[in-house]
Amino acid sequence: MKWKEKIRCMVPGLYAACVGVVFFFFLYLCANISNQVIHKQMDTGYYKFKDYEFSHVTDDSAPLGVRDVYTMRISEVFKGGSSLIFYSLHQNVETYIDGEQVYLLRPKGSNVFGKTPGSNWNTILINQEDVGKEIQVVLSPVYESSRNIVPEFYVGSKYGIWVKIIKGDLFPFVLSLAAIVMGIVFIFFTLANYHNSEVDKSLLMLGMFSFNIGLWKMTDLSSMSLFFPFSIPLANIPFLTLMLVVIPFSLYVKELFSTKDSILWYLPCGVSLVVSGIALILQINGRADLRQTLWMSHASMVFLVLVFIAMTVWELRTVGWNKNLKTLLGCACACIAGMAVDIIAYYVSNGTSMMILGMFGFLTYITVLGVRSVKETKRLMAIGMQAKRYEEMAYHDQLTGIFNRTAYAEYIGQRDFTPDNCIVVMFDLNNLKKCNDTLGHEKGDRYILYSANLIEKVFGDIGKCYRMGGDEFCVLLKGVSVEECKKRVQKLKVEVDKCNQSNPGEFPMQIACGYKLYDNQVDYDLGDTLRRADKMMYHEKFVMKQEAASLS
């Protein structure tokens with residue numbers, strides 16, 4: 001069983017390390033990768049145009065040995081110029097006007113991380129003098145999956161086209177943003193209440209899953225390249241975030257099963273860690289880009305689905321069909337269906353299509369189970385707070401707030417408690433009955449409260465203070481010397497005198513005190529020590545009353 005516990009402790013830590021590695025890898029991409037862009041025109045007026053001719057050209061210098069050439073002529077432009085805008089997906093871009101190169105997009109020669117320039121909206125400015133000239137757009141795919149991807153060409157107002165692009169991505173952007181926000185809420189809710197035992201810690205994993213899903217979908221939108229200046233890091237974010245979804249999904253969903261301690265739940269986590277490590281190593285070594293190893297991440301997701309199905313069948317056989325399993329299965333099926341739709345759409349469209357249905361599936365899973373977990377957590381926290389209040393009422397004196405006789409009996413009755421080196425200090429409030437009879441119980445309560453505060457002030461840092469009855473208090477000191485106890489008793493007398501002098505309108509306090517160290521030669525148990533301390537206290541009480549009588 002020990003190795004299972006080690007695995008359960010290691011997986012969250014390894015996942016945290018994986019998140020850190022991915023984050024710093026992304027920062028490295030931002031700092032070290034850039035495209036070479038050559039732009040030679042001035043940005044002026046716009047109009048729309050889409051007529052072109054297409055041909056394949058064999059070129060051994062191209063990444064895959066082939067270039068796609070699109071030829072067109074502009075018959076008219078606005079005064080000042082127009083823009084030709086198109087989207088390239090992992091393709092090097094060259095644009096020529098009458099044979100002169102006016103635009104170039106490709107990774108710099110020093111780029112050690114990957115062959116792709118990323119996914120970009122390319123803007124070619126067409127000036128008035130370019131009317132009737134031949135325009136050639138040459139696209140060179142860098143991956144097999146980028147072959148035969150035909151872009152849509154837009155000619156006209158740059159900002160008008162941007163608005164069209166943004167509007168097309170607005171709905172999936174909102175869905176993705178919702179997933180990110182929900183993930184952040186779950187993460188901060190869990191961290192803010194992490195030390196509360198009633199909080200479902202697995203909600204942190206659901207937050208990580210939601211955040212990564214939202215970030216994956218958002219950065220996969222073509223419109224993001226309009227605003228993000230680093231196209232290569234942007235193009236890699238979806239692959240990096242996909243590496244980080246399997247582990248939090250597995251660690252969260254396992255908590256909803258009775259078989260949550262099964263080692264099978266950690267197999268997808270191990271596979272995901274291995275796959276992520278291999279993908280990053282291959283990327284760094286220049287053997288394969290993240291896009292080329294994406295099938296490995298998809299394979300780890302499929303493996304997770306298979307494990308989930310197996311554990312669900314096992315749950316049905318051992319526990320049976322119940323409301324929780326119905327909710328879990330419905331949400332998980334929506335999530336898995338969304339994942340499957342996205343994977344299928346990716347391979348069918350060569351990475352050019354994004355399905356909104358998939359995002360709906362993820363959001364259904366995240367929302368239903370997330371809200372369910374938060375509600376259950378709040379319910380348990382409310383129960384815990386109520387139980388804590390009951391415990392305080394049971395073990396604390398209602399007037400003074402210090403421990404009561406029940407708490408004293410509970411403490412000395414513990415199995416591991418030993419009376420050795422214990423000092424019992426007993427206190428009694430002189431003339432409390434006289435205060436109640438002459439000035440009323442309100443004054444008497446204040447007398448008790450002030451006395452308790454002074455005893456707690458003097459002894460609270462070295463022992464536990466208890467109210468044993470109406471006017472009797474006790475302090476239990478463990479591992480404290482008798483000399484230190486004497487000093488504290490003298491300090492209490494000083495504090496009582498100070499309090500009486502500063503509150504002349506109050507009933508004068510007198511606190512009699514007695515203390516004894518447990519002696520196994522004399523005491524059978526701590527109760528005998530308490531009775532000896534009590535006897536000493538009553539002797540002091542008698543002496544104090546005699547002194548008061550002689551003064552009067």
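Helix H4 (residues 231–242) is largely enclosed by the rest of the structure, because twelve of its twelve residues are buried. The buried set runs from one end of the helix to the other. It includes Ser231, Ile232, Pro233 and Leu234. Ala235, Asn236, Ile237 and Pro238 are also among the buried residues of H4. So are Phe239, Leu240, Thr241 and Leu242. These values come from a predicted model.

The protein chain as a whole has 552 residues, of which 49% count as buried. Its secondary structure comprises 14 helices and 14 strands. Contacts were also examined by separation along the chain. Among those with a separation of 6 or more, 78% join residues 24 or more positions apart.

The buried nonpolar residues were then grouped into cores. In soluble globular proteins, nonpolar side chains tend to be buried together. The largest nonpolar core in this model has 59 residues. Its residues with the most contacts inside the core are Phe209, Leu240, Trp265, Leu290, Phe308 and Tyr365. Helix H3 (residues 203–219) supplies the largest share of this core, with nine residues. Another core lies apart from it and has 29 residues. Phe473, Val475, Leu477 and Val496 are among the members of this other core. Leu240 thus appears in two descriptions: it is one of the buried residues of H4, and it is listed among the residues with the most contacts in the largest core.

Helix packing was examined for H5 (residues 246–253) and H6 (residues 267–285). Their axes are 9 Å apart and meet at an angle of about 170 degrees. H5 and H6 are therefore roughly antiparallel to each other. The residues of their contact divide into six nonpolar, two polar and no charged. On the H5 side, the contact involves Val246, Ile247, Ser250 and Leu251. On the H6 side, Pro268, Cys269, Ser272 and Leu273 take part.

Five strands form an open sheet with mixed pairing, in the order S10-S12-S13-S11-S14. Strand S10 (403–404) and strand S14 (511–517) are the edge strands, and each pairs on one side only. The sheet can be followed from the S10 edge. S10 pairs with strand S12 (residues 463–467) in the parallel sense, over two bridges. Here Phe403 stands opposite Tyr466 in S12. S12 is joined in turn to S13 by five bridges, and these two strands run antiparallel. Arg467 stands opposite Phe473 in S13. S12 and S13 form a hairpin, with four residues between them.

Next in the order comes strand S11 (residues 422–429). Seven bridges join S11 to strand S13 (residues 472–478), and the two run antiparallel. Met426 has Cys474 of S13 as its bridge partner. Asp428 stands opposite Glu472 in S13. S11 also pairs with S14 in the antiparallel sense, over seven bridges. In that pairing Val424 stands opposite Lys516 in S14, and Leu429 stands opposite Ile511 in S14.

The strands of this sheet were also assessed for burial. S11 is mostly covered, with eight of its eight residues buried. In a regular strand the side chains alternate between the two faces of the sheet. Both faces of S11 are covered. Cys422, Val424, Met426 and Asp428 are buried on one side. Ile423, Val425, Phe427 and Leu429 are buried on the other. S13 is mostly covered too, with six of its seven residues buried. The edge strand S14 is likewise mostly covered, with five of its seven residues buried.

Backbone angles drew attention to two loop residues. Asp98 is not a glycine, yet it has a positive phi of about 50 degrees. Asp98 lies in the loop between strand S5 (91–97) and strand S6 (100–107). Asn431 is not a glycine either, and its phi is positive at about 65 degrees. Asn431 lies in the loop between S11 and helix H11 (432–439). The relative accessible area of Asn431 is 31%, so this residue is partly exposed.

Key. Residues are numbered from 1 along each chain as its sequence is written. This is a predicted model: local features need pLDDT of at least 70, side-chain atom pairs count only at pLDDT 80 or more; totals for chains, interfaces and linings use all residues. Side-chain values use heavy atoms; hydrogens and water are left out. Axes are lines fitted to C-alpha atoms, for helices over the stretch in contact, and angles run from 0 to 180 degrees between N-to-C directions. Angles under 35 degrees count as roughly parallel, over 145 as roughly antiparallel, 65 to 115 as roughly perpendicular and the rest as oblique. Contact means heavy atoms within 4.5 Å. Ala, Val, Leu, Ile, Met, Phe, Trp, Tyr, Cys and Pro count as nonpolar, Asp, Glu, Lys and Arg as charged, and the others, Gly among them, as polar. A nonpolar core is a set of buried Ala, Val, Leu, Ile, Met, Phe, Trp, Tyr and Cys residues joined through side-chain atoms within 4.5 Å. Buried means under 20% relative accessible area, exposed over 50%, partly exposed in between (1.4 Å probe, protein chains only). Two strands pair if DSSP finds at least two bridges between them.
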